[in-house]
Amino acid sequence: MEFAPVDYIVFAAYCLLIVCIGLWVSREKAGHKKDAEDYFLASKALPWWAIGASLIASNISAEQFIGMSGSGFRLGLAIASYEWMAAITLLLVAWLFIPIYLKKGIFTMPQFLEVRYDARVRTLLAVFWLLVYVFVNLTSVLYLGALALKGIMGVELWIGIIVLALFAAVYSVYGGLKAVAWTDVVQVFFLVGGGLLTTILALHAFSAGQGPLAGLLRLIEEAPDRFNMILFQDELLYTNDKGVVQDAYDLLPGLGVLIGGLWIANLFYWGCNQYIIQRALAARSLREAQRGVAFAAYLKLLLPLIVVVPGIVAYALNAPIDAADEAYPWLLNAYVGPGLKGLAFAALIAAIVSSLASMMNSTATIFTMDIYRNYINKAAEQAILVRTGRIVALVCMAIAVCLAPLLSSLDQVFQYIQEFTGFVSPGVLAIFIMGLFWKKATANSAVVSAVLSIPLTWAMKWLFPGLPFLDRMGIAFVISVALIVILSLVEGKGQDSKKGIRLGSGVLQTDPLFVGLAFGVLVITTALYVLFW
């Protein structure tokens, strides 16, 4: 990519702005030393708009800009179900999950499991999350981000990985969640603004200068097979990067997307995921948390225009690329002109760096609060907890840097992330759902579900290799729930657990503004599915 001087100025200004804001908000007040609540929960002072912005900045990363655009290139708009169904999932989490989490006054998701079950469940799930964050999330975001740097600027893969890791670490390791959340407010501006800019310019070029709306209408007309939200068997066949013909149904199994495994993936991600829920835990109040989540839901409805449509444009233009995940960098190179590339590139880097910073902080939170303080140093002072969190963040990032280049053999990294997270999510979600809403669930049943989660899903993959992984996740979730019910009834003889959550009046609260916002999200999502059925 040829950068004009103004592009370098825009991009350098973005980098300087993020680092300065991160360090400025991280400064310590006179006479006050950061404690665990300051570092891991931003002093519980985040307003709704910072929560919503941080949720989206943490969620949207290279796996969307690069990975989801690659899936858009292969599968079309159907991959947008991950975003549009997530908008509804966010509302459910704000209504049913967050009030309980805030009432319990927790730092981490594993900590909630000890409050509801026992220390064994907490430790098992803490280890699960540490493994997923380091070996799947951090690693894949670094790889996809470096792949983008290579495609756009010709930067060697390993250099890109190191540069992105250092950028994320320079402000987040010192400042903690406060630095991450407040810089995310700025990151979202670049992410949404720069992302929309790329889409608008690509659609404008596709319409031969007639404008982005004309380009979108022409795209729908010329690539109708890429604008079906529900895919059926043999409806959309594509050739992957290895030259093998595959059926898109295997990744997005028709109506099963709407009623099956994608709900498991979304509820697990938005309702049980530390680096997502941590923003809500840092809210000033329940009302601020719920409004922030509703704000994030509206941004999720917009995101397919930013991260999916560019991949479809690249497909319609017969992009000369070797791998699907090269679609977005190619488009950026081909259609974003001098003077605007710096902003578009800043959007991509903003998405990558904000997610890396969030994952580092949440990984450090889980290790420090669930492992270190429980088993290594139970009497640790607040300053030691903060220092441990910083060290752990750096170590986890170093591991991810070493592993990221190994993902280069994959076709669609976004699908890799979803499938391998899916080995853990059904059993874990079952533990949370039953713990939150069924008072009879016992600790032993939760332990069994946690231990069997990965073996159960692997066994299903081996026994039914042709079963789409989303369907497999749905079945694994049902089996996990059944295990918890059977074991709890046998062990507890039908009695409520002593740690069961009592959902009395006043627990699941909402306010009229949140209800109105939620209704708007439901109407828009329904309209989108009707339009692109």
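## Cysteines and disulfides

This predicted model holds zero disulfides. A disulfide is a covalent bond between the sulfur atoms of two cysteines. Two cysteines show how far apart the sulfur atoms can lie here. For cysteine 20, the closest cysteine sulfur belongs to cysteine 15, and the distance of 11 Å is too far for a bond. A pair would have to come within 2.5 Å to count as a disulfide.

Cysteine 396 is likewise in no disulfide, with the nearest cysteine sulfur, that of cysteine 402, 12 Å away. As for their surroundings, cysteine 20 is partly exposed, with a relative accessible area of 42%, whereas cysteine 396 counts as buried at 9% relative accessibility.

## Aromatic pairs

Across the whole structure, a search finds 20 aromatic pairs. One of them joins phenylalanine 11 and tyrosine 14: the ring centres are 6.0 Å apart and the planes meet at 40°, so the pair is tilted. An angle under 30 degrees would have made the pair stacked, and one over 60 edge-to-face. Phenylalanine 11 and tyrosine 14 both belong to helix α1 (residues 5–26), where a spacing of three residues separates them by about one helical turn. Both phenylalanine 11 and tyrosine 14 are buried.

Another pair consists of tryptophan 129 and phenylalanine 432. Their ring centres lie 5.9 Å apart with the planes at 75°, so this pair is edge-to-face. Tryptophan 129 is in helix α7 (residues 119–153) and phenylalanine 432 is in helix α20 (residues 425–437), so the pair ties together parts that are 303 residues apart in sequence. Tryptophan 129 is buried, with a relative accessible area of 4%, and phenylalanine 432 also counts as buried, at 0% relative accessibility.

## An aromatic cluster and charges over rings

Tryptophan 129 and phenylalanine 432 are also members of one aromatic cluster, which is formed by Phe97, Tyr101, Phe112, Trp129, Phe268, Phe432 and Phe437.

Some rings have a charged side chain over them. The charged end of arginine 226 sits over the ring of tyrosine 315, at 3.7 Å from the ring centre. Arginine 116 lies over the face of tyrosine 117, with a distance of 4.8 Å to the ring centre. In this second case the two residues are neighbours in number, 116 and 117.

## The second largest pocket

The second largest pocket has a volume of about 280 Å³. Its lining is made up of 13 residues, and those closest to the pocket centre are Val25, Ser26, Arg27, Lys29 and Lys178. Two elements, α1 and α9 (177–206), give two or more residues each to this lining. The most comes from α1, with three residues. This is the helix that also holds phenylalanine 11 and tyrosine 14.

By class, six of the lining residues of the second largest pocket are charged, four are polar and three are nonpolar.

## The second largest cavity

The whole structure contains three cavities of 30 Å³ or more. The second largest cavity has a volume of about 40 Å³. Leu55, Leu90, Val93, Ile98, Trp270, Ile276, Ile277, Ala280 and Val293 line this cavity. The elements giving two or more residues to the lining are α5 (81–104) and α13 (274–281).

What classes of residue make up the lining of the second largest cavity? The lining has nine nonpolar residues, no polar ones and no charged ones. The lining of the second largest pocket, for its part, includes six charged residues.

## Residues with positive phi

Most residues other than glycine have a negative phi. Two exceptions are described here. Asparagine 318 has a positive phi of about 55° although it is not a glycine. This asparagine is found in the loop between α15 (309–316) and α16 (327–335). With a relative accessible area of 65%, asparagine 318 is exposed.

Lysine 493 is not a glycine either, and has a positive phi of about 55°. Where is lysine 493 placed? Lysine 493 lies in the loop between α22 (469–492) and α23 (512–531). Lysine 493 is exposed, with a relative accessible area of 71%.

Technical notes
Residues numbered from 1 in each chain as written. Predicted model: local features only at pLDDT ≥ 70, side-chain atom pairs only at ≥ 80, totals over all residues. Heavy atoms only, no water. Phe/Tyr/Trp six-rings, centres within 6.5 Å; stacked < 30°, edge-to-face > 60°. Helix = DSSP H or I, 4+ residues; strand = E, 2+ residues; numbered from the N terminus. Buried < 20%, exposed > 50% of the residue type's maximum accessible area, 1.4 Å probe, protein only. Lys NZ or Arg CZ within 6 Å of the ring centre and 35° of its normal. 1 Å grid on protein atoms, 1.4 Å probe; cavity = no way out; pocket = protein on both sides within 12 Å on 5 of 7 lines; lining within 4 Å. Points joined across faces, edges and corners; volume = space filled by probe spheres on them. Nonpolar A, V, L, I, M, F, W, Y, C, P; charged D, E, K, R; others polar.
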